[in-house]
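Q: Could you take a close look at one single part of this protein with me? I would like to know what it touches and how its surroundings are put together.

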Amino acid sequence: MKLDDTYFMKLALKEAEKAEMEGEVPVGAVIVVGQKVIARAHNMTEKLNDVTAHAEMQAITSAANFLNGKYLLGCTLYVTMEPCVMCAGALTWSQLERIVYGVSDPKRGFQQAAIKLHPKTTVTGGIMEADALKMLQDFFLNKRK
């Protein structure tokens, strides 16, 4: 089995499904280093009653604990939705090598705010975008019923 961006994004989508099952906005994240998943997380803002408990923030903390250090050098974050400004700030400080996301967030995403990440961080968007978008749209449609 090829461990590529699609493979790891599927794992992030599984995390997003967990969030949805818990009544959270379905965003999931995994952090990978050397083809090994070192952190898995999903939104927990409702469960923890904490606006900062985004999937990315939970994954950063988990990965930092795994690596026993605050910098995530050589790591890639796979997240189903483009990180927000808050998460982008934390991701910048963590010095990730790559951020790979599914669907863009034109209202609250870091790119619309022109946030500059760490100079060595590369960004790839649109991986399994349709799947991530459908999950978000279905969640909010069900919320409005």
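A: Helices (H or I, at least four residues) and strands (E, at least two) are DSSP runs, numbered from the N terminus. With that in hand, let's pick T80, which lies in strand β3. This is a predicted model, in which local features need pLDDT of at least 70, side-chain atom pairs count only at pLDDT 80 or more, and totals for chains, interfaces and linings use all residues. Numbering starts at 1 along each chain as its sequence is written, and side-chain values use heavy atoms, leaving out hydrogens and water.

Is T80 buried or exposed? Its relative accessibility is 2%, so T80 counts as buried (under 20% relative accessible area; exposed is over 50%, partly exposed in between, with a 1.4 Å probe and protein chains only). Leaving aside residues up to four places away in sequence, T80 touches M9, A12, L13, A16, P26, V27, G28, G102, V103 and A132 (a contact means heavy atoms within 4.5 Å).

To place those neighbours, look at the sheet around T80. Five strands make up an open sheet, ordered β2-β1-β3-β4-β5, with mixed pairing (two strands pair if DSSP finds at least two bridges between them). Its edge strands are β2 and β5 (122-124), each of which pairs on one side only. On average, neighbouring strands of this sheet are turned by 15° against each other, direction ignored (axes are lines fitted to C-alpha atoms, for helices over the stretch in contact, and angles run from 0 to 180 degrees between N-to-C directions).

Now follow the pairing from β3 outwards. β1 and β3 run antiparallel and are joined by five bridges; C75 in β3 is the bridge partner of V33. Helix α1 (residues 5-21) packs on the sheet, where it touches β1, β2, β3 and β4, and the direction of α1 makes about 145° with that of β1. Helix α5 (residues 129-144) also packs on the sheet, touching β3 and β4; the direction of α5 makes about 60° with that of β4. If you turn back to the contact list, M9 falls in the span of α1, and A132 falls in that of α5.

Beyond β1 comes a hairpin. Strand β1 (residues 28-33) pairs with strand β2 (residues 36-42) in the antiparallel sense, over six bridges. V32 stands opposite V37 in β2. Two residues lie between the strands of this hairpin, and there G34 takes a positive phi near 55°.

Helix α4 (residues 85-94) is another neighbour of β3. Which residues of α4 are buried? They are C87, A88, L91, T92 and S94. These buried residues pack against β3 (75-81), and also against α3 (55-67) and β4 (98-103). After α4 comes Q95, with a positive phi near 60°.

Finally, step back to the whole chain. The protein has five helices and five strands, and along the sequence they follow the pattern α-β-β-α-α-β-α-β-β-α. Along the principal axes, the C-alpha atoms fill a box of roughly 45 × 35 × 25 Å. T80 has company in being buried: of the 145 residues, 44% are buried. Among contacts with a separation of 6 or more, 57% come from residues 24 or more positions apart. One example of such a pair is T80 with M9, which T80 touches.
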